[in-house]
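User: I'm new to this one and keep running into words like "buried" and "bend". Could you show me the structure and then let me ask what stands behind those words?

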Amino acid sequence: MQGQANRFLSWLRQPGVLNAVPASLFLLIGFAGPLLMVFGYSFMPPKTFSLFQEPTLANYSSVVSDSYYISFFWSLTLAAATVVILFFICYPIAYGMAKVFGKWANLITVLIAVPLLISENIRLFGWVLVLLKNGILDGSLQAVFGFSASGMLYTVPAIVFGLVYVYLPFMLFPLVIGISMIPDTLKEAASDLGASRWEVFREVELPLAMPGIMIGGILTFILSLGSLAESKILGGQTVVMIADDIESAFTFAQNWPKGSVLSVLLIALSGTIVILLFRRIDLDRIIGRR
Amino acid sequence: MATAKAKSRVARNLIVLWTVCVLAFLYIPMVAIVLASFSKARYFRFPVPRWTTQWYDKAMDSLSIRDLLWTSLSVATLVTVFSVALAFMGALAFARYDWKGRKLYQRLVLLPIFFPQAVLGLALLLWFSALGITTSWHTAVFAHMVWIVPIVILIMSIQVYSFDPSLEEAAYDLGASRFQVLREVTLPILAPGVISGGIFAFLLSWGNFPLSLFSTGADQTVPEWLYSKMVMGYTPMVPTLGSLTMSGAAILIFLFYMVWMIIKSRQSRA
């Protein structure tokens, strides 16, 4: 007992541990605590507000039997579509930033990061103004070509468009890191040995850039899965995504246990993906690379 | 050989063209908002028939808009101060020291960044009400920090990874106290990371919507107000206030860029 306490104290006295204490405590109170409570609420009887009742699985079974699988389906589909589209949009740019642009790459990084610092709402609203009936796109088409392009807003493609727009940097930056980890000499060696461009891409570039592709893909997938603003502002409730369901369960319906179950399912889904990712990737190497 | 070279030049030009297009694409909505804020019509249409600056005059005179800006500013300022303090230590633990349990700590720090913010906001709302805390802009500061502290730790860590610990040791050997080492060695070297972390903290809090939505209670920040007006009761104040907050962010980013350049040129001289 004494020995164990001493060992703990000497562990605690390391400078690394001491520096980690404030942030860890904060995240335990501000992050782990609330999530554990949501987990607890998911076992409480429906439409109750206390945590100290007999646990029940009623919420889980009602969520399974209700039509919530539709919003899960939409969220998963839209997130998957977003990831695929973003990959094709970002790969050439990431390649350029890692291998072609040289000095200009820094400026491009700044230009891509700046919109991130402007509220997502405001940027999505800008797209509403562009896509609106008599908006910028529709108005210009009418003035120049005489035909109208209204009806683009409040559709499923508009939601995907918003997701692609908002999460573009989260795909691009990991890809840049991934591609810059490919040594040029390897590609030269492969083409010297007679590989075609496509073979070099498939056999050398893609596998070596894979950590970056994985991080970018999973990051954008998870962020899109939990997104709320895109479907509300650009989708106008054409489709209900899972975050919408969670929000209305907690707010309008005042059914905390049901909202908790949906949150737990969403967290479990994204959490599994993140944990699988972390297991395969060395953070020190990726963040600390010079 | 010549054709291969020509081919790669074409590929290079295509990449440049594509990048320029996507960059332009990123800025289209901002341009749209600024255009709409100068349009005289109550409901936006394009091409804009008549221009005006009246919405800006109205925004400047409006007391409720002043309140919104003040709330957002207070939240963002407090978030910045607290986040930088917590994250400075947090980043040293993340990247500078090697200790048992660090890998677990790194994962704990990264999880909130990957977490859907709307769900986090709702979980925090439950948490506050279970603890009997009435939500107001004070609780929004806390809620923002749950997401922003990890991001600031990550940003500062990038700087800390390239920090040479032997500089600190040399200072200790020369008889410096712990506080002196922090003030004279560690902080100046890590200053660029601390400044960029602070700027990010401020701007991310300033623009945050999903966490504010559930944690501000009766108070309202600018993004929340914009959202509520977009959904219901549109007024031309939406693009106007949007343009104002965007210009605020742009000025801050520009100042930051200048400071960054000064620090860099000093470092290269030293």
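Analyst: Sure, here come your questions, each answered by setting a value against its definition.

User: Before that, what should I know about the model and its numbering?

Analyst: The model is predicted, so local features need pLDDT of at least 70 and side-chain atom pairs count only at pLDDT 80 or more, while totals for chains, interfaces and linings use all residues. Residues are numbered from 1 along each chain as its sequence is written, and chains are lettered from A and ligands numbered from 1 in the order in which they are written.

User: How many helices and strands does each chain have?

Analyst: Chain A has 14 helices and 0 strands, and chain B has 11 helices and 0 strands. Both kinds of element are DSSP runs numbered from the N terminus: H or I over at least four residues for a helix, E over at least two for a strand.

User: What makes chain B more spread out than a compact globule?

Analyst: The globule rule is 2.2 Å times the number of residues to the power 0.38, and the radius of gyration is taken over C-alpha atoms. For the 270 residues of chain B the rule gives 18 Å, but the chain has 23 Å, well over that, so chain B is more spread out than a compact globule. Its C-alpha trace spans about 75 × 70 × 35 Å along the principal axes.

User: And what does the rule say for chain A?

Analyst: A compact globule of 290 residues would have a radius near 19 Å, whereas chain A has 24 Å. The box filled by its C-alpha atoms is roughly 65 × 65 × 35 Å.

User: Why is B:Met89 called partly exposed?

Analyst: Count the other C-beta atoms (placed from the backbone) within 10 Å of a residue's own: 20 or more is buried, 12 or fewer is exposed, and anything in between is partly exposed. B:Met89 has 18, so it's partly exposed. This residue is found in helix 3 (residues 63-96) of chain B.

User: What does B:Met89 touch beyond its sequence neighbours?

Analyst: Leaving aside residues within four places in sequence, B:Met89 is in contact with A:Asn19, A:Pro22 and A:Ala23. Contact here takes C-beta atoms, placed from the backbone, within 7 Å.

User: How many residues does each chain put into the contact between them?

Analyst: Chain A gives 72 residues and chain B gives 70. On chain A's side, helix 2 (residues 15-41) gives the most, with 18 residues. That side has 50 nonpolar, 18 polar and 4 charged residues. In this sorting, Ala, Val, Leu, Ile, Met, Phe, Trp, Tyr, Cys and Pro are nonpolar, Asp, Glu, Lys and Arg are charged, and the others, Gly among them, are polar.

User: How do you know that the span of helix 2 of chain A agrees with its expected value?

Analyst: The expected span is 1.5 Å times one less than the number of residues. For the 27 residues of helix 2 of chain A that comes to 39 Å, and the end C-alpha atoms are 38 Å apart, which agrees. Helix 2 of chain A still bends by about 40° at A:Val21, with a proline, A:Pro22, following within four residues. A bend is the angle between axes fitted to the seven residues ending at a residue and the seven starting there.

User: What about helix 8 of chain B?

Analyst: Helix 8 (residues 178-207) of chain B spans only 38 Å, where a straight helix of 30 residues would span 44 Å. It bends by about 60° at B:Ala191, and B:Pro192, a proline, follows within four residues.

User: Which loop residue has a positive phi of about 50°, and why is A:Gln254 called exposed?

Analyst: The residue with that phi is A:Gln254, although it is not a glycine. A:Gln254 lies in the loop between helix 12 (242-250) and helix 13 of chain A. It has 12 C-beta neighbours inside 10 Å, so it counts as exposed.

User: Where is A:Asn134, and why does A:Asn134 count as partly exposed?

Analyst: A:Asn134 sits in the loop between helix 6 (120-131) and helix 7 (136-144) of chain A. It has 16 C-beta neighbours inside 10 Å, so the label is partly exposed. Its phi is positive too, near 65°, in a residue other than glycine.

Terms used:
Contact = placed C-beta atoms within 7 Å.
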